[in-house]
Amino acid sequence: MRLSIGQTWRAGALALVVGLTPGAAQAFELFGFRFFEGPPPPPPEGSVTYNVQFDVVGGESELLKSVERASVLEEEKGEPSPGSAALLSRANTDYQRILAALYDNARYGPTISIKVDGREVSSTPIDTEFGDTADVVVTVDPGPVFTFGEVDVKNRPGEIPNDETVPPSLEELGLVPGGVANANKIIAGEAALVGGWRELGYPKAQIARRTASAYHETDQLGVMIDVAPGRPAVFGTTSVSGTARMDPEFVAWYAGLKYGERFDPDAVERARDQLRRLGVFKAARIVEGATINPDGTLDMGIEVAERPLRVIGGGVNYSTLDGAGAEAYWRHRNLFGRAEQLELNASIGGVDADDPDSYNYKLEANFLKPGVFTPYTDFLAKIYAEQDSPDTYRARAVGGRMGFMHRPTTKITLAGYASFEASTIDQTDYGDGDFLFASLPLSVDYDGSNNQYNPTKGYHLIGSFEPFYEAVNGNIGAISQIDGRVYYGFAKDRVVLAARGVVGSIVGAPLQEVPANKMFFAGGGGSIRGYPYRGVGPVDPVTDEVHGGRSYLVGSLEARVKVTDTIGVVPFFDFGNAFDSEYPDFDVPLKTSVGLGLRYYTGLGPLRFDVAVPLDPYDGDPNVAFYIGLGQAF
């Protein structure tokens with residue numbers, strides 16, 4: 001069996017640290033599992049080790065899980081109680097915690113019994129002494145499920161403009177007569193009511209009064225909520241504190257909270273995103289003024305803490321496909337006091353190849369000037385020199401580009417550049433020679449998904465169009481691509497169906513006169529998993545070698561299934577190919593692959609491990625490939 005590692009491991013990206021002491025191996029924890037753990041130490045003198053058992057009348061498994069999650073006794077059962085009084089304290093705390101959990105499950109007439117060694121805790125004196133061990137039994141009779149009776153809301157907000165975010169309605173939350181009366185629906189409803197008034201420009205809206213009355217004869221819960229909207233307001237003065245090298249006036253302007261505009265919580269959230277984008281702050285927060293000024297303005301405060309000016313980094317990597325490599329970078333975060341960034345990068349790869357002329361090299365300098373013309377427009381420039389040597393060609397190129405990126409909304413990003421590249425390409429029969437390539441890359445990115453690294457609903461569209469002029473051969477043409485992704489989650493997002501389709505085309509130049517490094521290839525972790533990177537495309541009928549095409553089509557289907565809150569499995573199916581023609585040729589068979597992925601969900605996004613099998617590999621291709629990364633595959 002031939003194996004392929006389709007993703008590199010980077011030193012420092014994932015570290016496992018194990019402390020060692022002479023004569024004894026210490027335990028360590030990885031992904032919630034403990035290794036090399038010896039026997040536990042004996043409990044301290046006077047402590048009480050206890051077992052806890054839960055019994056929910058009716059045997060509802062979900063309700064049992066809710067009760068156990070709420071229990072301090074269950075949470076701390078692995079640690080002996082310091083004494084009998086502490087055990088009774090834990091048990092007494094559980095009455096209220098379990099009651100709250102039952103309220104969340106619409107049970108407003110429960111009976112809760114907690115006994116330690118057969119004695120009801122609520123009537124056991126605090127100075128009672130138990131032995132070294134104790135048996136705890138928690139019995140819950142949850143009673144009937146309550147539904148909402150009358151739901152009376154005073155000062156409900158009016159129609160909310162359909163802008164970036166709209167709080168859910170009470171109907172969407174289920175806070176309506178006849179709905180199951182979960183207590184968390186009331187809390188969510190209050191947040192939605194306050195959020196609705198804030199969306200209408202009332203920043204100091206709050207809940208003035210709330211009553212919830214349980215009617216046991218009808219198993220109904222009556223709710224009354226009185227909202228105090230307060231006064232409407234517009235944005236006032238934005239002050240900045242905590243800057244050391246940054247220009248505070250620029251920070252206030254870049255946040256985008258315009259004086260005199262109607263207060264909008266979406267504008268505040270976008271201002272937070274703006275501050276994160278600058279990359280110069282290790283901490284930043286926006287604080288609303290305590291009161292609305294007499295003239296109707298609400299002052300805003302920005303509090304920041306700056307990062308060090310300069311950072312140096314690097315890494316090493318290894319792939320069974322590409323060999324060993326290394327990279328290093330130097331970055332200045334704030335050149336002139338307005339978050340201007342300069343970054344210098346150097347990398348080398350494929351260093352285990354027989355011929356050093358086949359190594360991959362790259363030197364690159366990037367400059368970013370945020371806040372050009374508007375707070376949402378950035379100027380970017382890049383120059384580079386590189387040698388790129390995949391299996392299908394070798395390209396030596398120097399070039400650069402400069403242009404602008406504009407974010408008219410939080411979901412849309414527009415970009416336009418002027419680009420130039422001079423290249424020499426060899427080791428291929430297609431797209432080889434010298435080229436002078438000038439182009440105007442344009443792109444639009446609409447991200448309507450709900451999460452960048454782990455989307456569960458929505459869609460994401462990316463379109464690009466790059467008119468070009470190639471001076472050596474005198475060709476005028478264009479490169480265009482469309483990348484669409486859609487996500488649909490159900491069963492409380494424990495199952496997410498995801499699909500992706502990408503199509504690209506190069507028009508205006510004969511196949512032999514398109515630079516090989518501009519052609520389309522398929523295959524690899526971001527394309528058709530299971531096949532080598534850039535390993536799928538048209539095949540030369542004489543040499544039987546894969547080369548690039550003037551068009552391509554790839555797609556993926558995934559079912560992302562959460563087995564637990566932290567572990568998931570993902571069966572997937574990938575397909576696609578690249579074609580000689582300017583547009584995809586559906587008479588040419590598509591390459592396909594199947595696979596299974598494992599996900600470990602973290603706060604930063606899921607750690608991804610995929611195993612893929614090509615169903616129609618070329619001669620010499622691996623018959624299985626592995627991929628490792630952070631975030632979903634698309």
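Start your tour where helix 1 passes helix 3 in a right-handed crossing. Keep in mind as you look around that this is a predicted model. To bring the pair up, select residues 61-70 for helix 1 and residues 84-104 for helix 3. Their axes lie 8 Å apart, and the packing angle is about 145 degrees.

Now show side chains. On the helix 1 side, the contact is made by L63, S66, V67 and A70; helix 3 brings D94, R97, I98, A101 and L102. Colour them by class and you'll get 6 nonpolar, 1 polar and 2 charged residues in this contact.

Next stop: the second largest pocket. Select D273, R277, T410, D447 and Q452, the closest to its centre among the 25 residues that line it. The space in this pocket comes to about 1,100 Å³.

Which elements give two or more residues to this lining? Try helix 7 (265-278), strand 23 (412-426), strand 25 (442-447) and strand 26 (457-470). Helix 7 has the largest share of the lining, with 7 residues. Switch to colouring by class again, and the pocket lining divides into 12 charged, 11 polar and 2 nonpolar residues.

Last, head for a cavity. How many of 30 Å³ or more does a search of the whole structure find? Just 1 turns up. To see what lines the largest cavity, select R500, G525, G526, S527, R529, S556, A633 and F634. By class, that lining has 4 polar, 2 charged and 2 nonpolar residues, and the space inside the largest cavity is about 30 Å³.

Methods:
Residues are numbered from 1 along each chain as its sequence is written. This is a predicted model: local features need pLDDT of at least 70, side-chain atom pairs count only at pLDDT 80 or more; totals for chains, interfaces and linings use all residues. Side-chain values use heavy atoms; hydrogens and water are left out. Axes are lines fitted to C-alpha atoms, for helices over the stretch in contact, and angles run from 0 to 180 degrees between N-to-C directions. Helices (H or I, at least four residues) and strands (E, at least two) are DSSP runs, numbered from the N terminus. A crossing is left-handed if the near helix is turned anticlockwise from the far one by less than a right angle, and right-handed if clockwise. Contact means heavy atoms within 4.5 Å. Ala, Val, Leu, Ile, Met, Phe, Trp, Tyr, Cys and Pro count as nonpolar, Asp, Glu, Lys and Arg as charged, and the others, Gly among them, as polar. On a 1 Å grid over the protein atoms alone, a cavity is a set of points where a 1.4 Å probe fits but cannot get out, and a pocket is an open set with protein on both sides within 12 Å along at least five of seven lines; lining residues have an atom within 4 Å of a point. Grid points are joined across faces, edges and corners, and a volume is the space filled by probe spheres set on the points.
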